[in-house]
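Trainee: Could you walk me through this one with me asking and you reasoning it out?
Mentor: Gladly, let's take it a piece at a time.

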Amino acid sequence: MMTSVRKQKTLKQINRKVILHILRDSGEISVADLSREVNLSKPTLMTIINYYLKNGLVINTRKGDSTEEGGKKPNIYKFNEDGGYAVGMIISANKLTAVITNLKSKILYKTSVPLKTNEGFDGVLKKIIDSYNNLVNNTNIDRKRLVGLAIGAYGITNFTKGEVIFSPHFPSWGKDLNLKEKILEQIPDEIPVIVDNHSRFQVFAEKILGLAQEKNNIVAIQAGKGLVAGVIIENEIKRGNHYLIGEIGHMIVDPEAREICACGGKGCFEAMVSTNRILRMAREKHKEYPDSIIFNGNNPDTIDISDVFTASNKGDELALDLMNDAIKWFGIGISNIILMYDPQIVIIQGIFTKAGEYFIENLRKIINKISLFSIKRETEIKYSELGDKAGVLGAASYVLSKYFE
Ligand SMILES: [Zn+2]
């Protein structure tokens, strides 16, 4: 099931793909139904169906009611969603998450293993291979039915070569690490391996399974300790010449800021809205606001960002100050992104999806206020509903989209 170099498709291949797409999108279908949808003869359709019956992508589910002369009952066919499997993985700062899905992106098994701070590459590679084998073994699937593996990494990635150019969480990996080759050397299966920045799989998940299924121009922003976006324009994932599209965390939103970013720059978007900064400012204000419900009588060192989110939704004065500051920088950053990419929807992913009503309502307000145009723009701003599965699901779905391309 290895994909070959993209060649000109023959008419036969094109016809097969058309039929497979119809089968995927419809529930059950007979050859007579198919012949009403496409301009192909019944014998040709039967040849195609037989091809897919043989390779397991289509199954003969039952006999239909007889409608034809002579009362012969037609065979009813359907797409076999268990005719193949995809693996999706995400390497984040502190864990490796992996899923195996069927051909309809349904998760069959999920694993998560912790990663050490700046864990060496050999250790992480072993965890990748072990997770992969765990997924395959725990689902008891036929390995020949694996259609591919996609793995998303934080940092700059070279999608074409399958390299992690630089990972901020794993500097010990060095530059231009060919993750794709290393994985292919160690897995027993000959399958396509795809490497990309995690945000590209996350935005893809929104397109395939999330809030953006009806949209062609989408930006998904994950904010937390860092900040990165996945960008889809005209239904295509955008990467750019140096694979930097989406590295919006390092757009400068406040050149006067004292806040130094992980990249060394001053006033980067990421640094201004990072949860670490919000928590640091909260602790600095503890003496001034000892009764703030952020602290709830606890040691200020033990608070986490959810305490600030919760307090802001209850109208706590300090929490509102902190959130208003974050909202201001988010407003500037996202307004710039809207002007750059003109998306139909901006989807917030990551920890800020838990910020609640106060954050998103005021974010929408400030973005409308900053808007330069008198024309009415209708960019939706919403919280993702995919949770922390967005990355792994998007990666597996990306494998499937390539397989069915
Ligand atoms: Zn920066």
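**Contacts, helices and a sheet**

Mentor: Leaving aside its neighbours within four places in sequence, Asn75 is in contact with Ser30, Asn60 and Lys63. Keep in mind that the model is predicted.

Trainee: Thanks! Is Asn75 buried, partly exposed or exposed?
Mentor: Asn75 belongs to strand 3, residues 75-79. Burial would take 20 or more other C-beta atoms within 10 Å, and exposure 12 or fewer. Asn75 has 15 of them, so its class is partly exposed.

Trainee: What distance separates the C-alpha atoms of Asn75 and Leu211?
Mentor: Along the chain, these two residues are 136 residues apart. In space, their C-alpha atoms are separated by 37 Å.

Trainee: Now the whole protein chain: what share of its contacts with a separation of 6 or more comes from residues 24 or more positions apart?
Mentor: For background, the chain has twelve helices and 16 strands, and its C-alpha atoms fill a box of roughly 90 × 50 × 40 Å along the principal axes. Of its 405 residues, 38% are buried. As for the contacts with a separation of 6 or more, the share from residues 24 or more positions apart is 60%.

Trainee: How are helix 6 and helix 12 oriented to each other?
Mentor: Two packed helices are described by the angle between their axes and the distance between the axes. Here the axes of helix 6 (residues 198-208) and helix 12 (residues 390-403) come within 7 Å and cross at roughly 80 degrees. An angle from 65 to 115 degrees counts as roughly perpendicular. Helix 6 and helix 12 are therefore roughly perpendicular.

Trainee: How many charged residues are in the contact of helix 6 with helix 12?
Mentor: From helix 6 come His198, Phe201, Gln202, Phe204, Ala205 and Ile208, and they meet Ala390, Gly391, Leu393, Gly394, Ala395, Ser397 and Tyr398 in helix 12. By class, eight residues in this contact are nonpolar and five are polar, while the number of charged ones is no residues at all.

Trainee: What length does helix 10 reach from its first C-alpha to its last?
Mentor: Helix 10 covers residues 317-341, which is 25 residues. At 1.5 Å a residue, the expected value is 36 Å. The helix comes close to that, reaching 35 Å.

Trainee: Which residue just after helix 10 takes a positive phi?
Mentor: Most residues other than glycine have a negative phi, so a positive value is worth a look. Just after helix 10, a phi of about 45 degrees is taken by Asp342.

Trainee: Is Asp176 buried or exposed?
Mentor: Asp176 has a positive phi of about 55 degrees too, although it is not a glycine. Its place is in the loop between strand 9 (163-166) and strand 10 (177-178). Because it has 12 C-beta neighbours inside 10 Å, Asp176 counts as exposed.

Trainee: And which class of exposure does Tyr243 fall in?
Mentor: Tyr243 sits in the loop between strand 14 (236-237) and helix 7 (269-273), and its phi is positive, near 60 degrees. With 19 C-beta neighbours inside 10 Å, Tyr243 counts as partly exposed.

Trainee: Last one: which are the edge strands of the open sheet with the order 8-9-10?
Mentor: This open sheet has three strands with antiparallel pairing. Three bridges join strand 8 to strand 9, and Ile156 has Phe166 in strand 9 as its bridge partner. An edge strand pairs on one side only, and that holds for strand 8 (156-158) and strand 10.

Notes
Residues numbered from 1 in each chain as written. Predicted model: local features only at pLDDT ≥ 70, side-chain atom pairs only at ≥ 80, totals over all residues. Helix = DSSP H or I, 4+ residues; strand = E, 2+ residues; numbered from the N terminus. Pairing = 2+ DSSP bridges. Contact = placed C-beta atoms within 7 Å. Expected span 1.5 Å × (residues − 1). Axes fitted to C-alpha atoms, helices over the stretch in contact; angles between N-to-C directions. Parallel < 35°, antiparallel > 145°, perpendicular 65-115°, else oblique. Nonpolar A, V, L, I, M, F, W, Y, C, P; charged D, E, K, R; others polar.
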